[in-house]
Each structure stands twice: as C-alpha cells, then as structure tokens.
Amino acid sequence: MSASSVRSFEYLESLPGTVFHRLYKQPSTALAIFRRMLPHLAKSFVMAMLYIARPLPITDLETWVRPGSQREQDTAVDLLERLQILKRSAEPGKPRSYMLTNPFASSLRQALTGGGNHNSFGIPSDVHSKDEVTISQLDEFARKQWEGVLGYMVGSTGIGLRDEGANLSPSVKHLLQYGGLVDVKGRNVDITQDGFAFVLQEVNAQVWTILVLYLENAEQLGMDHVDVLSFLFMLGSLELGQAYSKANLTETQLQMLLDLRDFGIIYQDSPQSNNYYPTRLATTLTSDAGALRSASAGFDSALRSSTNDKGFVFIETNYRLYAYTSSPLQIAILSLFTRLSTRYPNMISGKMTRESIRRAINMGITGDQIVDFLYTHAHPQMRKMENVLPPTVVDQIRLWQIEGERMKSTGGFLFKDFSTAAEYEGPCQYARDIGVLAWKNDGKRMFFVTKHEQIAAYLKSKKEKRGEGG
C-alpha cells in the first residue's frame, strides 16, 4: 500500500459503520476504494464474491490462496472487514462464512457495468470552444498553486516563488498550521519536522495528507464528512481536461470547490462559474499512475506523467554542495540546511556547516530526513559511484544531530504476557509485516508498536478461530 493509500486508509478506518453505509451508496466511492485501498489478494476476493448471493465458507476462500500464504489471506480478510466490505456470517456447527456487504457490492457492480442516474461520476458540461481550458493550462495552474503551498511552508517567499501567481488564502495557512506542518510565530513561518517529511513525500501522498487534514477540520466547521469524502472520491474518477457542472453538488461540496481551488486541485474561472475542472492533482487521487515528486526539478514534466525524474544535487567530501536548478522551491528547501553562497541562472552552490545543520535540526528536521533528501535528489553522476553520498558527509550530519540529543522517544503501545512462543510470534510478525513494529524482545515475549488497532483486530481474529476449532 502506498503512502497516500495508508494515510487515507487510516482516516477511513476510524469512521463508524453508518458512515460507510452512506459512502458506499455512491458507485464512484465503491470503485475508488476498490482501486485505491485494496491489495491484489483482497481485490481477487471481492471480484470472486461480487456475484455470489450466499455466504461463502472460509474453507472455499482458502482454496483460492496458495499453501503457505495464510498470513496474506488473514491480512486481506482483516482489511476488508475493517473497511466494512466483508461481513461474517456464522451459523452454529458450521465454519465461518463471508459475504460482501451492501450497498458496497451493488454499487461496485453498478460502477463496473454502468447504468443508473446516480451521477456519482460527475455531470460533464459543454463549454464553448473559446472558453475551454487546456490540459497544459490546468497543469500550470496546479503547479503554481501547489508550489505556492510548499513555498509558504519552507519560507521561500523571499526568493520570488510567491510572485509566480500562487495566492494562498487564510484558510490554507490555517490548515497547514492546524496539521502541524508549520509553526507560526507572529509573522515568522517555520517548517516543522512533520512538514519537512511532508515535503519529501510524493505529491499524491501530500495531497491526501492535506485532504485528511481538511476532513478533520471540516467536521469542526459543521460540514458533512460523507459529502466531503464522496466528492473527493468522485474527483479521482473524473477526466482531465473535461469541464463538469456544479448542478448536482451539495452545499458542502460547493464550499469545497472554493477551498480546493486554493490548493490547485480544482480550477474555476471564478467562484460564480457554473462549471469546474479537475486538475491532475485531483484525477490521480485514486490512482498511483500520476504519483509526482514534490521537490523535484521535473514538477512540470511529472504533471505530464513523466517518470524520468533526474537528480540535480552534487555533494563533495568537504561538504560543498552544488545544485543544478533554477526552481525557487528547490533552492528554498536546500537553504533550510545549507549555507548558500553563490547563485547562477541554472545552478547554486553552498556548504553544509554545523550551524546550518543545527539550524535545520532546531526546526525539527532530522538528520535522516536531510540524508534522505540528498539521496533522493543526487545527480545521476553521483549514482554511478559505489556510495551515492560521501560516507563522511552522512556520518557528520548525524553526528551534528546527536550533539544536542541523546534519546529518541516513540509513542506507542506495549504488548506482553504471552503464554507461549507461538502465541507471541504470530502478532509480532504481523506487526512487522504491516510496518508498525518499533521494538521487540523475543526472550521476554514483548513487542512495542506505534499503532494498536490492527494488532488488536488480529488477536481477536485468532481468538475467534481458536474458539471455532475448539
């Protein structure tokens, strides 16, 4: 599951069952969750059961899985249950059975076969040729708005990025502060550790992070989060370059048009316009096909679905840095941890010093994040070397960080008191597989995880299986 899928899934998992019931009445939502949230095995289960009207015994389900893949099967079934797609049907004296829930099954069938007047995939609108907006114009608008958001976060307003046309509204700035991505003190805006991690993500993951923050904030504003989620999933199914009518939108969704325009996700000529255009940031919400790198020189080409994103950074063993870029956003990011000294039309140079690294660390940026950024954007010539980054530079960055810290805290949950080694090893390995395991001690049969919901569901499932076996 990609980073953007994980972020959106975590939010969905927290919703009550009644919300899922309302969401799944929209075929576009059912299709988006099927495409975006489910691993291949879970998709196979759904498609195999889509036209089966009776509960399917677990023994039949197991015949579709290769021997030795029990853990993958359990993970897929657990995921489908948590998303309210699969429900159990237990009868005394019979093995567990499963069937797809409604309205998810009926909505997915309708999405795949067509028909109906639900309009959940938008209402295309005919626009006069002279008023049409081209895909290149939509890409340029999305680029300006999104780079404006990132530029505000990294403090690049002083190097010309804001002059390129991105005008951030107070609501956008509030949302970034609400999400802990920036720290605002008076007129000073500093990026936080979470903010720098956000900048390093692919754009698709960045967009979902912003949208989840928007969802959390929308509830406080009294907006119907089912309308909000339905609209977001619908946007992912729309066609790039096609105008759509606002006629079928709710009051909540009409308000969303104004807010999403600030992020470059939606384009409108004016708030009074009867039509809107989804940009590429919207049409890739439910697909990995358009995943874009955020702080790359190829943002424009990435918006055109290019996957050839070349690095631009050279680093020498004396901590000198050369970056072949003219992007104000990239320069602003580099300035967070580099003392820049020279700027040419297509290149900048500078040096990483103890002071510049410590300044970044004081903002909350970690040494590992700096190393990851440099590695991700290393020039192709550097990638030909045995070590992409000079080991002395990597080690020194981390040494400068630990000068001011000796311990690192991680919030989470401790699982202990397992009766047997087998009872301990199952959930521990499951925690490792889903990426929430932070620490373990096999001798004491203890492990520490950053999230407990999925582990608790796994343990409950195992307990129920033992009860059936008994």
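User: What makes the space of about 120 Å³ a cavity, the largest one here?

Analyst: In this predicted model, the largest cavity has a volume of about 120 Å³; the name cavity applies because a 1.4 Å probe fits at its points but cannot get out. A search of the whole structure finds two cavities of 30 Å³ or more.

User: How do you know which residues line the largest cavity, and which are the closest to its centre?

Analyst: A residue counts as lining when it has an atom within 4 Å of a cavity point. There are 15 residues that line the largest cavity, and D74, V77, D78, S461 and K465 are the closest to its centre. The elements α6 (70-82) and α22 (453-469) each give two or more residues to this lining, and α6 gives the most, with six residues.

User: How does the lining of the largest cavity divide into nonpolar, polar and charged residues?

Analyst: The lining of the largest cavity divides into seven charged, five nonpolar and three polar residues. Asp and Lys count as charged, so D74, D78 and K465, which are among the residues closest to the centre, belong to the charged class.

User: Why is Y11 counted as nonpolar in the lining of the second largest cavity?

Analyst: Y11 is one of the residues that line the second largest cavity, and because Tyr is listed with the nonpolar residues, Y11 is placed in that class. By class, this lining has eight nonpolar residues, one polar and no charged ones; S8 is the polar one, because Ser is not listed as nonpolar or charged. The second largest cavity has a volume of about 30 Å³, and α1 (3-13), α11 (203-220) and α12 (225-235) are the elements that give two or more residues to its lining.

Definitions and conventions: Residues numbered from 1 in each chain as written. Predicted model: local features only at pLDDT ≥ 70, side-chain atom pairs only at ≥ 80, totals over all residues. Heavy atoms only, no water. 1 Å grid on protein atoms, 1.4 Å probe; cavity = no way out; pocket = protein on both sides within 12 Å on 5 of 7 lines; lining within 4 Å. Points joined across faces, edges and corners; volume = space filled by probe spheres on them. Helix = DSSP H or I, 4+ residues; strand = E, 2+ residues; numbered from the N terminus.
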